[in-house]
Amino acid sequence: MKLTPRRGRGDAEGGTSPRYPQIVILATDPELLDRVLAVAAAAGVEPRVLPDAGAIRGLWSIADLVIVGLEVAPRLATLGLPRRDDVYLVAADDAGGEAPRWSGPLSAAVVLLPSGSSWLTAAVADACGGRAADTRLAAFVGGSGGAGATTCAAALAYQAARAGRSTLLLDVDPRGGGIDLVLGAEEEPGWRWPRLERASGHLGELAGQLPRVEGVDLLAMPRVAGVAPTELPAEAIRAVLLAGLRDYDLVVADLPRVPSEAAAEVLRRADRTYLVVSGELRGLAAARQTLAELDERCGPVGAVLRTRSNGQVDEATVGDGLGIEVAATFQDEAAVSRAADRGEPPGRAARSSLARACRRLLDDLDTVDDLVESGTGPGRAA
């Protein structure tokens, strides 16, 4: 079942057309320019190439990202342009010794090519609000306390890895107790969020650095006795998301119910946001309030219904009550809780209701259309 797209801000009928990002390249060395154009092509971007340094004046302040060849840097530095973010000074690998000299005057990050091509591709993709790879980002939010959003997120990640997709599971809820417990990975070596909470800009590959269990790489919150949990910095989650969307087939994020800046970074990039609804009237009422808080933060939202033996809510009730379609339904199974107590991933039993629901969600994620892929549809911020 496809989700019904919900219009995000600026998508309403009669609104403005989507703004396409502007990537400006100022380079005259033919070999270096070819390498930069290859980077732009890998990010799915058509840049504007300028013939000389003087032509940058009218675009310097409005371009989303500026890439400057080392051979042009001395001339550009004499123009007296104001300092700005997102300037990248590129040079060939064997000519990198000269580049740091001009990094300060231009307030530019140095990227050597071709060795830094993947890093620069990620920077261009992030500036465009898109991604370099054919990746999906799924976000899970609990409609009420104990609805099962964390369980769903972990189960979807496990089913994706089982299907052969490289998968990253992100814990973005500082009060959730640590998603590594859900997968039985609390003793697995690797980085947790404290190692990356000061991250910014563009990271290298996370694979090989994070705990890995059942084919899933995961980044979990710490559990420190006597220390109150703190919110993740938005800059850190932005850097991790960029790396994940570049290097994995699927990124799954478990979000807190209470809105945060870190959660907003995930929501605005998510291909699908799944609101997990507990199958009783009180849970539905709470989910309605949670959905209202999501409305201005993300694109298409679908419900995942967790039915209970004494529940009063079915798919039709959820659809009518929330105004969104139910993407999947699973039963509240005692076997899932017992498996969690043994440290086994939720939904490991292929015939379980939860496993079937997650396979349905994977099919749903595969319906993301070309508009969302290009960053102009309701599922992606422009």
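## A tour of rings, charges and one aspartate

Begin by selecting W60 together with R84: in this predicted model, R84 lies over the face of the W60 ring, at 5.9 Å from the ring centre. Then move to W191, where R195 is placed over the ring face, 4.2 Å from the ring centre.

Next come the aromatic pairs, of which a search of the whole structure finds two. Select Y88 and W119, whose ring centres are 5.8 Å apart and whose planes stand at 70°, so the pair is edge-to-face, since an angle over 60 degrees counts as such. Y88 belongs to strand β4 (residues 87-92) and W119 to helix α4, so the pair ties together parts that are 31 residues apart in sequence. With a surface display switched on, Y88 counts as buried at 7% relative accessibility, whereas W119, at 27%, is partly exposed.

For the other pair, select F140 and Y274, which are tilted relative to each other, with 5.3 Å from centre to centre and 35° between the planes. This pair links distant parts of the chain, as F140 sits in strand β6 (residues 136-142) and Y274 in strand β11 (residues 272-278), 134 residues apart. F140 is buried, with a relative accessibility of 0%, and Y274 is likewise buried at 0%.

Finally, go to helix α4 (residues 117-127) and select D126 within it. At 23% relative accessibility D126 counts as partly exposed, and, leaving aside neighbours within four places in sequence, it is in contact with H202, L242 and R269. To close, draw a distance between the C-alpha atoms of D126 and L242: they are separated by 6.6 Å, although the two residues are 116 residues apart along the chain.

Definitions and conventions:
Residues numbered from 1 in each chain as written. Predicted model: local features only at pLDDT ≥ 70, side-chain atom pairs only at ≥ 80, totals over all residues. Heavy atoms only, no water. Helix = DSSP H or I, 4+ residues; strand = E, 2+ residues; numbered from the N terminus. Buried < 20%, exposed > 50% of the residue type's maximum accessible area, 1.4 Å probe, protein only. Contact = heavy atoms within 4.5 Å. Phe/Tyr/Trp six-rings, centres within 6.5 Å; stacked < 30°, edge-to-face > 60°. Lys NZ or Arg CZ within 6 Å of the ring centre and 35° of its normal.
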